[in-house]
Amino acid sequence: MWPVSRNRITRASTTIERQPRASALVLRLPTVFRIHPAVDPAVDPSVRPANSPRTKKMDLHQITRISSFSNLYSDRTLFPSGDRGYIQFEFGAPSPALLQTASAIFQEATARKLSKPDAGLAFQYGPKLGDSEFRSELARFLANEYGSPVEANHLAVTSGASQSFSNLITMFTTSATRILIEDPTYFLALRVLQDHGFQERDFVSVPVESGGISLQILEERLKELSSSVDQQAFAGQPAKKFPFLLFTIPDYSNPTGQSMPLDKRIRLIELARKYDVLIICDDVYPLLGYPGAEPNPPRLIALEHQVRSETDFGNVISNCSFSKIFAPGARLGWVEASPAIIKRHETFWVLYSGGSPNHLTSGIMTEIIQTGKLKTYIAQLRETYSHNAEVTYETLRLHGEGLGMRIEKPKGGFFIWIEFPSHVNTHALYQQLKQKEAAGTSNTRVSFAPGLIFTTVQGRYLNCLRLSIAHYDAEELREGARRLCRAVKELLDI
Ligand SMILES: Cc1ncc(COP(=O)(O)O)c(C=O)c1O
């Protein structure tokens, strides 16, 4: 997807690193370099030195970014308006029609669960790691779907990937942990990190290149940062804390839709073990590979299981969810990790206090798995999303001719990422479309997620945007893609 060689990235990074502020330089770089300006904590004041307090006063640059973000994605704009005539490609959520099917499945499973003699137990606090029958059924189901072994004692139940990510940050980081972010990334993961006091200046951005995260830049960053790690801050902890956390979405990424190749997955695990990095894989999409498309390599956690010894703590957590494979409203998910990481969940006070997250729903999900309904439903999702992606992609190619769009056809998941030539500012387009919509003067009635929200580095991805193919049916998506092309043409006056 990115036609940028490693040498070019390195050259671009070096050029930028010599400058006092990466962001100030961005506008003067040719587009091809603009994609990957590296942030060097040694010279960039927006990166916090190890152990400096997180409460340091924000500079104006940062305030601007945070507030422009929250204006863009307030509650009003994050959820669908309900007006199906206005096609809002930004919604990474299933369509109402699919959720009707999920609702019928859930209703039937609930009736079955509650007719059992011990139904009352489902309303009790659950075991900290989750109901054992659910964990066993889930392990069996996942092993079958992934085609690689999954053990119940490697699983802990969660109430979805977002809540779980927050819990994992609490469990495994300190204020001295350095946060490495694959760039571009899921924009709300950055906000969850902010909830924990990490600020944008704490994020060390590692660009995605063709075929996933740049491991060369990642290793450079790790080498540089390792020398400043305060070992004391990590040595005396009662439970394991990591000096580094890497957040990555290796399968059908949000926002790019791309997946990490096998060689990178293997090398990434090696780097994590060498530098004591906790890799949190946001694995909410791996089960949504499209029928007929080449399957993805094994997940990082499956690869780690192969090399981890019994005594290793483990460096990989697969953070998973039923939101994308069943229904977001179910608020149910799981983590898969080494026994030591799972055991740490048992001593997490939140789980002591509240027991298994979403215990009742996990009991109902056990029924849904046992009756084969989950398998059938996921197969339906794969067919639907594959068709939706195909229709959207082909329409963009047809009606976007002459716009210079770069698009890669997705092989799974929810998203299509579009890169326009550098003079197309998708943020300006987004704002224009929203304003016209609010004023009732829009003749295009379409919107999308602009590229700038997916990065921690100001100036990146201004010429990119993300489309979700999950929320509308194929005809609506076809119409939306046509409208989008028209809107870009109007913006460019062509
Ligand atoms: C990459 C990614 N992670 C997490 C989530 C949210 O997951 P959950 O609903 O399980 O909290 C989303 C939803 O859009 C997502 O795209």
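**Exercise 1. The ligand and its polar partners**

Task: In this predicted model, find which side chains place a polar atom 2.6 Å from an oxygen atom of the ligand, starting with Ser323, and describe the surroundings of the ligand.

Solution:
- Step 1. Start at Ser323: a polar atom of its side chain is 2.6 Å away from a ligand oxygen atom.
- Step 2. Go on to Tyr285, where an N or O atom of the side chain lies 2.6 Å from an oxygen atom of the ligand.
- Step 3. Turn to Lys324: between an N or O atom of its side chain and an oxygen atom of the ligand the distance is 2.7 Å.
- Step 4. Consider the cover. On its own the ligand has 400 Å² of accessible area, and the protein covers 91% of that.
- Step 5. List the neighbours. There are 13 residues around the ligand, and those that come nearest are Ser162, Tyr285, Ser321, Ser323 and Lys324.
- Step 6. Sort the shell by class: five residues are nonpolar, five are polar and three are charged.

**Exercise 2. Helices H6 and H16**

Task: Describe how helix H6 and helix H16 cross, and state which residues meet.

Solution:
- Step 1. Locate the helices: H6 covers residues 96-114 and H16 covers residues 359-370.
- Step 2. Take the geometry. The two axes come within 8 Å and cross at roughly 105°.
- Step 3. Name the arrangement. Angles of 65 to 115 degrees count as roughly perpendicular, so H6 is roughly perpendicular to H16.
- Step 4. Find the contact. From H6, the residues are Ile105, Phe106, Ala109, Thr110, Arg112 and Lys113; from H16, they are Thr361, Gly363, Ile364, Glu367 and Ile368.
- Step 5. Sort the contact of H6 with H16 by class: five nonpolar, three polar and three charged residues.

**Exercise 3. Helices H18 and H19**

Task: Carry out the analysis for helix H18 (residues 426-439) and helix H19 (residues 474-492).

Solution:
- Step 1. The axes of H18 and H19 are 11 Å apart, and the packing angle is about 105°.
- Step 2. H18 and H19 are therefore roughly perpendicular to each other.
- Step 3. On the H18 side, Leu429, Gln432, Leu433 and Lys436 take part; they meet Ala487, Val488, Glu490 and Leu491 of H19.
- Step 4. By class, this contact of H18 with H19 holds five nonpolar residues, one polar residue and two charged residues.

**Exercise 4. Backbone details in loops**

Task: Place the cis peptide bond from Asp183 to Pro184, the one joining Asn254 and Pro255, and the positive phi of Arg331.

Solution:
- Step 1. Between Asp183 and Pro184 the peptide bond is cis, with omega near 10°. Pro184 sits in the loop between strand S3 (178-183) and helix H9 (187-195).
- Step 2. Asn254 and Pro255 are joined by a cis peptide bond with omega of about 20°. Pro255 belongs to the loop between strand S6 (244-248) and helix H12 (262-275).
- Step 3. Arg331 is not a glycine, yet its phi is positive, at about 45°. The loop that holds Arg331 runs between strand S8 (316-321) and strand S9 (333-336).

Terms used:
Residues are numbered from 1 along each chain as its sequence is written. This is a predicted model: local features need pLDDT of at least 70, side-chain atom pairs count only at pLDDT 80 or more; totals for chains, interfaces and linings use all residues. Side-chain values use heavy atoms; hydrogens and water are left out. Axes are lines fitted to C-alpha atoms, for helices over the stretch in contact, and angles run from 0 to 180 degrees between N-to-C directions. Helices (H or I, at least four residues) and strands (E, at least two) are DSSP runs, numbered from the N terminus. Angles under 35 degrees count as roughly parallel, over 145 as roughly antiparallel, 65 to 115 as roughly perpendicular and the rest as oblique. Contact means heavy atoms within 4.5 Å. Ala, Val, Leu, Ile, Met, Phe, Trp, Tyr, Cys and Pro count as nonpolar, Asp, Glu, Lys and Arg as charged, and the others, Gly among them, as polar. A residue is near a molecule or strand if one of its heavy atoms lies within 4 Å of it. A polar contact is a pair of N or O atoms within 3.5 Å; within protein, one must be able to donate a hydrogen and the other to accept it, and residues adjacent in sequence count only if both atoms are side-chain atoms. Accessible areas come from the Shrake-Rupley method with a 1.4 Å probe; for residues, only the protein chains shown count as cover.
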